[in-house]
Amino acid sequence: MKVAAQKRYGGPEVIEIVDRARPVPGAGKVLVEVHASTVTLADCAFRKADPFIVRFFGGLFRPKLDVLGDDIAGVVAELGPGVTRFAVGDRVHGCTGASLGGMAEYVCVKESAALVKVPDGVELLPLGGMSYAYLTAMPFMRDEARVKPGDRVLINGAASSVGAMAVQLAHHFGGEVTAVASGRHRALVERLGADHFIDRQQADFTANPGAYDVIFDAVGKSSFARSAPALRPGGIYLTTVPSWGIFWLMLTGGKRGGKRGRLATTGLRNEVDKLNDLHILNDLLARGVLRPVTDRVFPLDQIVDAHRYVEREVKAGDVVVAMPVAQAPLLLTSATEGAAAGSAIRA
Ligand SMILES: NC(=O)c1ccc[n+]([C@@H]2O[C@H](COP(=O)([O-])OP(=O)(O)OC[C@H]3O[C@@H](n4cnc5c(N)ncnc54)[C@H](OP(=O)(O)O)[C@@H]3O)[C@@H](O)[C@H]2O)c1
């Protein structure tokens, strides 16, 4: 089978397509024929070991986890002994878990992992990027921001993978959503449910005193100190990206002037919580409440280009990598917009 592997940390060019033996699922594991995975900024961080802390998870001197890819959509190809939750032929999506390895034609995943069957009628390929976006945005919107009807919610980086999902979720929870993005992404975020739009190149969202109950910086480009004036008293600032400023705030009580600030590490949540949330995602997908947002689909043999593109930080929604089994027929339809539940939105 083909996998995208790297022998050393570095730029996109360290990734090579190599042949490996197809793995055999052990007890309690399933073998998934991967149809799609995704490349995210988190994958780029692991690829280059930047920030340095990545080396404590991924290998100090060289990558132990030499095949990236935590998020997959595919078809169960083989069952290990004792597996009862899945059957051969099930269409599935979710996370491979801490060992990664999803950027491959096949990967073994624990039956207990955050992996669920795909609802009928939902297209498989765009789901390759959706669990990453959803499993990040959902805990931020539901558990940290606790968005409720009428809340004024600002999403900075509203067209990013995480931001595009946060806009849909905040809208679903009844929030009045202000999306901050480049002007070229206005139509997209409005289709996702944004009530108001701020073009980040024309205006500064922090210049609206007391305007928001929640500010969620999906791309971590702002700071609590700059954003706090735009929060109402008791409001909360949330960010996906660590900084000394947010660490210091959280170490010293998490509040300044009656306004709160938090970083959450959603990627480190346990498998059971992620699995439960994927069941909720399936319900929202089946009802057409949430839709994947696909920017581009790269075939596996263009994985280096996919990394280069993601690192430019211009994408809207997800970059999906299609495995050879999926790419030929599905490329034509994966990025088209449709009103049906489960269809992807073209970014
Ligand atoms: N805390 C956690 O557990 C956790 C989990 C997952 C991901 N993350 C982090 O979350 C961040 C977002 O990930 P993602 O995959 O959603 O990002 P992404 O899709 O790669 O973000 C790309 C978007 O960022 C926007 N952008 C670029 N520069 C900007 C700026 N200066 N100000 C505002 N927006 C800007 C651009 O949109 P416009 O051109 O429209 O502005 C672009 O479309 C990453 O840093 C990732 O590592 C954290």
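This is a short tour of a ligand site and three loops.

Keep in mind that the model is predicted.

**Stop 1: the ligand and its shell**

Select the ligand, then show the residues around it. There are 23 of them. The closest are Tyr132, Ser182, His185, Arg200 and Lys315. Label those five before you go on.

Now colour the shell by residue class. What mix of classes appears? Nine residues are nonpolar, nine are polar and five are charged.

**Stop 2: backbone contacts**

Hide the side chains and show the backbone. Go to valine 162. A polar atom of its backbone lies 2.8 Å from an oxygen atom of the ligand. Move on to alanine 218, where a polar backbone atom is 3.5 Å from a ligand oxygen. Finish at alanine 264. Here the ligand atom is a nitrogen, and the distance to a polar backbone atom is 2.8 Å.

How much of the ligand does the protein bury? Taken alone, the ligand exposes 940 Å², and the protein buries 87% of that.

**Stop 3: where the shell comes from**

Show the cartoon. Select helix H3 (130-144) and helix H4 (161-172). These are the elements that give two or more residues to the shell around the ligand.

Next, colour by domain. Domain 1 covers 2-129 + 292-346, and domain 2 covers 133-267. Each of the two gives at least three residues to the shell.

**Stop 4: a cis peptide bond**

Leave the ligand and select aspartate 50 and proline 51. The peptide bond that joins them is cis, with omega at about 15°. Where does proline 51 sit? Look in the loop between helix H1 (41-48) and helix H2 (54-58).

**Stop 5: leucine 100**

Select leucine 100. Its phi is near 55°, which is a positive value in a residue other than glycine. Trace the chain on both sides. Leucine 100 is in the loop between strand E5 (91-95) and strand E6 (106-110). Is leucine 100 buried or exposed? Its relative accessibility is 13%, so it counts as buried, since the cut-off for buried is under 20%.

**Stop 6: arginine 146**

Last, select arginine 146. It is not a glycine, yet its phi is positive, at about 50°. The loop that holds arginine 146 runs between H3 and strand E8 (152-156). You met H3 at the ligand, as one of the elements giving two or more residues to the shell.

Turn on the surface. Arginine 146 has a relative accessible area of 62%, so it is exposed. Leucine 100, in contrast, is buried.

Definitions and conventions: Residues numbered from 1 in each chain as written. Predicted model: local features only at pLDDT ≥ 70, side-chain atom pairs only at ≥ 80, totals over all residues. Heavy atoms only, no water. Near = heavy atom within 4 Å. Polar contact = N/O pair within 3.5 Å; in protein donor to acceptor, adjacent residues only side chain to side chain. Areas by Shrake-Rupley, 256 points an atom, 1.4 Å probe, with all protein chains shown as cover. Helix = DSSP H or I, 4+ residues; strand = E, 2+ residues; numbered from the N terminus. Nonpolar A, V, L, I, M, F, W, Y, C, P; charged D, E, K, R; others polar. Domains from an automatic or database assignment. Buried < 20%, exposed > 50% of the residue type's maximum accessible area, 1.4 Å probe, protein only.
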